[in-house]
Amino acid sequence: MSGTGPVEPGEGTEVRPAREAPGPLRGLTSRYRVHGRRHRRTALVTVAALCAPAAGGYLYASRPQPRPAPPPSYPSQVVRLAYLAPVTPTGTAPAGTFGFTVALTVRSGPPVTVTRVTQSNAGLSVRSSPRAPFRIKAHSTRKITVTFRATECAKVPRNAGFPFLDVTLRNARAIETHSFILGPRYARHLSEALQGACGNVSP
C-alpha cells in the first residue's frame, strides 16, 4: 500500500507515554514537603530538649522527702545530778564555809553547759568548782564541788528539810533553770553543816 497516513509502530515495539516536565507548582510543593519534614524534626528535637530538664526537675521535686530529725531534748530531761559527799573546808576558808561534791551526768543528746549553780536561801552564798560556765558532753559525768558560805545566819534555817540546788542548764534546744532535790542524805549533811557554821549565832 501506499499513502501518506501516520506511521504505524513496528511489530514488537511498545509505545510509552512521554513524562510531563515538572511544572513550577509541583517543584514548589516538593520543596515545601522537604522543608516541612526538616522543620518537624527540628521541632521535635527542641521539644525533647526542653522537656528533659522539666521532667528531671519534676522527678527531683516529687521525690520522697526524708523526715526531719527530731529536736534534741530539753537539758533538764537528759541531766542527772547526784549527791556524793561533804567536803572538809581548808584552813584558809572563811568562817561559816562548808561544801559538798555532786556528780552531774549528761545521758544523751548534745553537750550541756552549766551556766550557774545557786540556791534560794538569802543567807547563803554559793560557788562551784569548776566555775560556771562549763560544758559536759553526752555520756559523761563531771564532778562538781559546791561551796556554801553562811553570810546571814539569821536567815539560814537550822533544819534543811528538802534542800535543793538550782542549776541553770543550756543546750542546743533551750536554757532552763532546774531545781534538783539531792535526797535525805544530803539534807542531813547540810543541816549539820549549817549548825556548825551558825551554831553560836542567835536566830
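**Strand 7 and the setting of Thr168**

Strand 7 and strand 8 (residues 175-181) run antiparallel and are joined by seven bridges. In this predicted model, the two strands form a hairpin, with four residues lying between them. One pairing across the hairpin links Val167 to His178, its bridge partner in strand 8.

Thr168 also belongs to strand 7, which spans residues 164-170. Its relative accessibility is 12%, and Thr168 therefore counts as buried, because the term applies to values under 20%. The side chain of Thr168 makes a polar contact of 3.0 Å with the side chain of Thr177. When neighbours within four places in sequence are set aside, the residues in contact with Thr168 include Ile175, Glu176 and Thr177. Thr113, Val114, Thr115 and Arg116 are also among the contacts of Thr168. As a general point, side chains in a regular strand alternate between the two faces of the sheet.

The protein chain as a whole contains three helices and eight strands. Along the sequence, these elements follow the order α-α-β-β-β-β-β-β-β-β-α. Of the contacts in the protein chain with a separation of 6 or more, 67% are between residues 24 or more positions apart. The protein chain has 203 residues, of which 28% are buried. The exposed surface of the protein chain comes to about 14,700 Å², with 57% of this area supplied by carbon and sulfur atoms.

Definitions and conventions: Residues are numbered from 1 along each chain as its sequence is written. This is a predicted model: local features need pLDDT of at least 70, side-chain atom pairs count only at pLDDT 80 or more; totals for chains, interfaces and linings use all residues. Side-chain values use heavy atoms; hydrogens and water are left out. Buried means under 20% relative accessible area, exposed over 50%, partly exposed in between (1.4 Å probe, protein chains only). Contact means heavy atoms within 4.5 Å. Accessible areas come from the Shrake-Rupley method with a 1.4 Å probe; for residues, only the protein chains shown count as cover. A polar contact is a pair of N or O atoms within 3.5 Å; within protein, one must be able to donate a hydrogen and the other to accept it, and residues adjacent in sequence count only if both atoms are side-chain atoms. Two strands pair if DSSP finds at least two bridges between them.
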